[in-house]
Amino acid sequence: MQTDTNYNIDNMIIDTLQNFERYLSLNPRFETVLRFLKDHQLDALEAGKHPILGEDVFVNIQVAKGKTPEEAVVETHRVMADIQIPLSGEETYGYIPAECLPEADYDEAKDMAKFPGVAAQSLVTCQPGMFAIFFPQDGHAPCITGQPEIRKAIFKVKC
C-alpha cells in the first residue's frame, strides 16, 4: 500500500453503509475501515479514540451537543478524510466547497481549520445506517440535529 500519495475526489459522498464497499477504490485505507465495520459493533464502542492503523486510520466515538444550522461551525481538514456515521439518530451536515471559504487559521495538531460565521451552501442528512465522507476539499458543519446530543462515529482516514 502506498502511503505518500494523495487520494482526492471532487465532492463529499453520502450513502448507506451497505454500499460502502463501492467506494474502496477512492482510498486504499478505506478497506481497513470496511474490515473494522464488519468486525465491530460501533454502538458497543466506548466514547473516545480507537486506533485502527496507527495515525493513518482511527475512529472517534463521540457524543456531541446537537446544533442548529446557524450554530454549526464549518470546518475543513488538510490531511485526513472524515467518514461520519450517526449512531443515535439523524444528523445533518452543512456543506460548502473549501475553495469558497475565506482564509482561516489551521491547527496542524488537530488537522482542522474552523470558519465560524460562514454559512453552508447546502445541507445533507444521514440516518443511522448511512455515512458521509468529507475529503479535504469539503467544508462541512457537523452535529446539526434536533436532539440535545448525538452519538456518532467519525473515522479519520489519511488522504
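These legends go with four close-up views of a predicted model.

**View 1. Lys49 and the residues around it.** Here we zoom in on Lys49, which sits in strand β2, a stretch covering residues 48–53. Is Lys49 tucked away or out in the open? A bit of both: its relative accessibility is 43%, so Lys49 counts as partly exposed. Skip the neighbours within four places in sequence, and Lys49 is in contact with Glu55, Phe58, Val59 and Asn60. Glu55 deserves a second look, since its side chain and that of Lys49 are joined by a polar contact of 3.1 Å. For a sense of scale, try finding Phe115 too: Lys49 and Phe115 are 66 residues apart along the chain, and their C-alpha atoms are separated by 24 Å.

**View 2. Cysteines without a bridge.** How many disulfides turn up when the whole structure is searched? The count is 0. Take Cys100: it is in no disulfide, and the nearest cysteine sulfur belongs to Cys159, 19 Å away. A disulfide needs two cysteine sulfur atoms within 2.5 Å, so that pair doesn't qualify. Cys100 is partly exposed, with a relative accessible area of 41%. Cys143 is in no disulfide either; here the nearest cysteine sulfur is that of Cys126, 12 Å away. With a relative accessible area of 5%, Cys143 is buried.

**View 3. A look into the largest pocket.** This pocket holds about 560 Å³ of space. Its lining is made of 28 residues, and those nearest the centre are Glu75, His77, Lys110, Met112 and Lys156. Which strand gives the most to the lining? That's β3, with 5 residues. Several strands supply at least two residues each, among them β5 (80–86), β8 (112–115) and β11 (138–144). Sort the lining by class and you get 13 charged, 11 nonpolar and 4 polar residues.

**View 4. Lys156, up close.** Now we stay with one of the residues nearest the centre of the largest pocket, Lys156. Lys156 lies in strand β12, which runs over residues 149–158 and also supplies at least two residues of the pocket lining. Is Lys156 buried or exposed? Its relative accessible area is 10%, and anything under 20% is called buried, so Lys156 is buried. The side chain of Lys156 makes a polar contact of 2.5 Å with the side chain of Asp82. Leaving out neighbours within four places in sequence, Lys156 is in contact with several residues, including Asp56, Val57, Phe58, Asn60 and His77. Met80, Ala81 and Asp82 are also among the contacts of Lys156.

Conventions: Residues are numbered from 1 along each chain as its sequence is written. This is a predicted model: local features need pLDDT of at least 70, side-chain atom pairs count only at pLDDT 80 or more; totals for chains, interfaces and linings use all residues. Side-chain values use heavy atoms; hydrogens and water are left out. Helices (H or I, at least four residues) and strands (E, at least two) are DSSP runs, numbered from the N terminus. Buried means under 20% relative accessible area, exposed over 50%, partly exposed in between (1.4 Å probe, protein chains only). Contact means heavy atoms within 4.5 Å. A polar contact is a pair of N or O atoms within 3.5 Å; within protein, one must be able to donate a hydrogen and the other to accept it, and residues adjacent in sequence count only if both atoms are side-chain atoms. On a 1 Å grid over the protein atoms alone, a cavity is a set of points where a 1.4 Å probe fits but cannot get out, and a pocket is an open set with protein on both sides within 12 Å along at least five of seven lines; lining residues have an atom within 4 Å of a point. Grid points are joined across faces, edges and corners, and a volume is the space filled by probe spheres set on the points. Ala, Val, Leu, Ile, Met, Phe, Trp, Tyr, Cys and Pro count as nonpolar, Asp, Glu, Lys and Arg as charged, and the others, Gly among them, as polar.
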